[in-house]
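Here are my notes for anyone opening this one for the first time. Keep the viewer open and go through the points in order.

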Amino acid sequence: MHKLADSKQRLAARAAETLPITVIVAARNEAHNLPRCLASLRCAGEVYVIDSESTDATVQIAEAYGAHVVQFHYQGGWPKKRQWAMDSLPLTYDWIFLVDADEALTPELATEIRNAIRHPVNDGYYVALRMFFLGRELRHCGASFYKLSLFRRGKGRFECRLKDQDSSMADMEVHEHVVLDEGSKGKTDRLKHPLLHHNVESLSRYIRKHDEYSNWEARVWLEGERNTRDLKPSLFGTQAQRRRWLRKKLFALPGSPIFFFLYKYIFALGFLDGIPGLIYCGLQGVQFFHIKAKIYELRVQAAGKKEPF
């Protein structure tokens, strides 16, 4: 009887410690990052790893940590990986928490989430990212930002900024943001404690990923605001809207990749982050150049299609 009572007490204690959220982790060849990420999520009630046919040990690692592994086979278009997961999977809990494979939950943030959803007055919570790049925390560079990562199931969705997409633009939402549905209360708040974001495993992989991102961004900015209904560029809007406003203004300037680098490195004090800060700001400027070059390429291709044979 004593053993049965002890067992029940342990189960009750474990249930009390469980964080009643469903975590969705998007992954593709994330064997290097996934152990750190999933170890930090042991307190979560449910974890889904949405994999894209990884060729490394991603699946085995996820299963070893007790996560549900689901394969996502992207055929182009919309939805992409995380929106598909929210639409298709039998999620257990009322709160969804989106985490990238290179991010990690801290005990302080877990406690704050528990308190926030215990007596919720909001439908969503913005969570900051504490950025690490090449082994160093980036305190400047304009690298830190907030994402609506925690929200009620059925209340939040990813905005769709481009429906005509293909696998060259990544199978995961790039710079689409979660927005609350119009029918929800629309109330949000910010949590104080950040997620830890280890932004780069290797520079080669970072560059390959951002090549896909720039394919997507070129198409988005070429089409302008035609598909941007939820978060239009605005100097006086949310952090995401302000960033889009800045990019929109810079795109119109000759030599804007240089100005973007200078903004990151000088005005956003990236030089205070040492060599990693210089490399990060330099790569940001290079990606800006890639986007503008690909916009030009798309325009040339479109003009060529219009020419008669």
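1. Start with the aromatic cluster: W221, F251, F260 and F288 group together as one. W221 also has a charged neighbour, since R161 lies over its face, 5.7 Å from the ring centre. Bear in mind as you look that this is a predicted model.

2. Over the whole structure there are 10 aromatic pairs. A nice one to pull up is F133 with Y206, an edge-to-face pair with centres 5.7 Å apart and 80° between the planes. F133 belongs to strand β6 (residues 124–133) and Y206 to helix α6, so this pair ties together parts that are 73 residues apart in sequence. Are these two buried or exposed? F133 is buried, and Y206 is too.

3. There is another charge-over-ring contact to look at, this time on a tyrosine. The charged end of R190 sits over the ring of Y146, at 3.9 Å from its centre.

4. Now for the salt bridges; how many does the structure hold? The count is 18. Some of them join up: R82, D100, E103, K147 and E173 are linked in a network. The next three points pick out single pairs.

5. E212 and R28 form a salt bridge through their side chains, at 3.3 Å from N to O. E212 sits in helix α6 (residues 203–222), while R28 is in the loop between β1 (19–27) and α2 (34–40), so the contact ties together parts that are 184 residues apart in sequence. R28 has 33% relative accessibility and therefore counts as partly exposed.

6. D94 and R153 make a salt bridge as well, with 3.1 Å from N to O. Here both partners are in loops: D94 is in the one between α4 (81–88) and β4 (95–100), and R153 is in the one between β8 (146–152) and β9 (156–158). That is why the pair ties together parts 59 residues apart in sequence. D94 counts as exposed because its relative accessibility is 52%, whereas R153, at 38%, counts as partly exposed.

7. The third pair is D211 with K294, whose side chains meet in a salt bridge at 2.7 Å, N to O. This one runs between helices: D211 is in α6 and K294 in α9 (residues 274–306), distant parts of the chain that are 83 residues apart. What about their exposure? D211 is at 36% relative accessibility, so it counts as partly exposed. K294 is at 15%, and because buried means under 20%, K294 counts as buried.

8. On to the empty spaces. The model has three cavities of 30 Å³ or more, and the largest has a volume of about 70 Å³. Its lining includes E30, N33, D102 and H198, along with Y206, the residue that pairs with F133 in point 2. Which element gives the largest share of that lining? The answer is α6, with three residues. Sorted by class, the residues around the largest cavity are two nonpolar, four polar and five charged.

9. A few backbone details deserve a second look. Most residues other than glycine have a negative phi, and most peptide bonds are trans. W78 and P79, however, are joined by a cis peptide bond, with omega about 10°. P79 is in the loop between β3 (68–71) and α4.

10. Two residues that are not glycine have a positive phi. For A170 the value is near 75°, and for L269 it is near 65°. A170 is found in the loop between β9 and β10 (178–180), and L269 is in the loop between α8 (256–267) and α9. Where do they stand on exposure? A170 is buried because its relative accessible area is 5%, while L269, with 35%, is partly exposed.

Technical notes: Residues numbered from 1 in each chain as written. Heavy atoms only, no water. Salt bridge = Lys/Arg side-chain N within 4 Å of Asp/Glu carboxyl O. Helix = DSSP H or I, 4+ residues; strand = E, 2+ residues; numbered from the N terminus. Buried < 20%, exposed > 50% of the residue type's maximum accessible area, 1.4 Å probe, protein only. Phe/Tyr/Trp six-rings, centres within 6.5 Å; stacked < 30°, edge-to-face > 60°. Lys NZ or Arg CZ within 6 Å of the ring centre and 35° of its normal. 1 Å grid on protein atoms, 1.4 Å probe; cavity = no way out; pocket = protein on both sides within 12 Å on 5 of 7 lines; lining within 4 Å. Points joined across faces, edges and corners; volume = space filled by probe spheres on them. Nonpolar A, V, L, I, M, F, W, Y, C, P; charged D, E, K, R; others polar.
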